Amino acid sequence: MEKIFSNTRHREGTVAKTIEDQTAKLPSDTFLWASVGAMGVSLALQMMGKKHTSLFIGQWAAPFLLFGIYNKIVKTQGHDEEDQE
């Protein structure tokens with residue numbers, strides 16, 4: 001597959017590489033299940049009448065899914081071109 005964009009000037013920092021290396025060890029569905037769990041807990045709290053707590057926990061679902069997408073991109077695309085060589 002041909003690369004459309006090439007990042008020749010900017011590279012990932014040490015902290016980002018370390019975080020990516022550690023999160024890449026997690027199965028991709030970990031983030032999906034965390035998101036589903038947040039929705040389930042939110043539903044239970046809503047049914048218990050704890051509206052504000054329910055909304056707070058329910059808002060975690062989207063960030064968990066975004067972390068999963070980021071994790072998948074890092075696993076498939078890697079860090080920088082320099083690191084892939």
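The paragraphs below go through this predicted model from the chain as a whole to helix H4 and then to its surroundings.

The protein chain contains five helices and zero strands, and from the N terminus on its elements run α-α-α-α-α. Of its 85 residues, 15% count as buried, and the accessible surface of the chain comes to about 6900 Å², with 65% of that area belonging to carbon and sulfur atoms. As for how distant parts of the sequence meet, residues 24 or more positions apart account for 69% of the contacts with a separation of 6 or more.

Helix H4, which covers residues 61–77, is a good place to begin a closer look. At 1.5 Å a residue, its 17 residues should span 24 Å, and the C-alpha atoms at its two ends are indeed 24 Å apart, so the expected and the computed lengths agree. The buried residues of this helix are Ala61, Gly68, Asn71 and Val74. Seen down the axis of H4, these buried residues fall within an arc of 150°, and they therefore line one face of the helix. The general background is that an α-helix has 3.6 residues a turn, so residues three or four places apart point the same way. On the face of H4 turned away from the buried side, the exposed residues Leu66 and Thr76 are found. What covers the buried residues of H4 includes helix H1 (14–23), helix H2 (29–47) and helix H3 (51–58). After H4 comes Gly78, a residue whose phi is positive, near 80°.

Among the buried residues of H4, Asn71 can be followed in more detail. With a relative accessibility of 1%, Asn71 counts as buried because the limit for that class is under 20%. Leaving aside residues up to four places away in sequence, Asn71 touches Thr23, Ala24, Leu26, Ser28 and Phe31. The loop between H1 and H2 also holds Lys25, which, in contrast to the buried Asn71, is exposed, with a relative accessible area of 61%. Lys25 and Lys75 are separated by 50 residues in sequence, yet their C-alpha atoms lie 9.2 Å apart in space.

A second place to look is Ser35, which belongs to helix H2. Ser35 is buried, its relative accessible area being 0%, and, when residues up to four places away in sequence are not counted, Ser35 touches Ala61, Phe64 and Leu65. One of these partners, Ala61, is itself among the buried residues of H4. Another, Leu65, also has its place in helix H4, but Leu65 is partly exposed, with a relative accessible area of 39%.

Leu65 leads from the interior to the surface, where, together with Leu32, Trp33, Val36 and Met39, Leu65 makes a nonpolar patch of about 490 Å². Helix H2 supplies the largest share of this patch, namely four residues, while Leu65 comes from H4. Helix H2 thus appears in this account in several roles: H2 is among the helices that cover the buried residues of H4, H2 holds the buried Ser35, and H2 contributes four residues to the nonpolar surface patch.

Key. Residues are numbered from 1 along each chain as its sequence is written. This is a predicted model: local features need pLDDT of at least 70, side-chain atom pairs count only at pLDDT 80 or more; totals for chains, interfaces and linings use all residues. Side-chain values use heavy atoms; hydrogens and water are left out. The expected span of a helix is 1.5 Å times one less than its number of residues. Buried means under 20% relative accessible area, exposed over 50%, partly exposed in between (1.4 Å probe, protein chains only). The arc is that of the directions from the helix axis to the C-beta atoms. Contact means heavy atoms within 4.5 Å. Patches are made of residues with over 30% relative accessible area and no salt bridge: like charges are joined within 9 Å, nonpolar side chains (Val, Leu, Ile, Met, Phe, Trp, Tyr) within 5 Å. Accessible areas come from the Shrake-Rupley method with a 1.4 Å probe; for residues, only the protein chains shown count as cover. A salt bridge is a side-chain nitrogen of Lys or Arg within 4 Å of a carboxyl oxygen of Asp or Glu.
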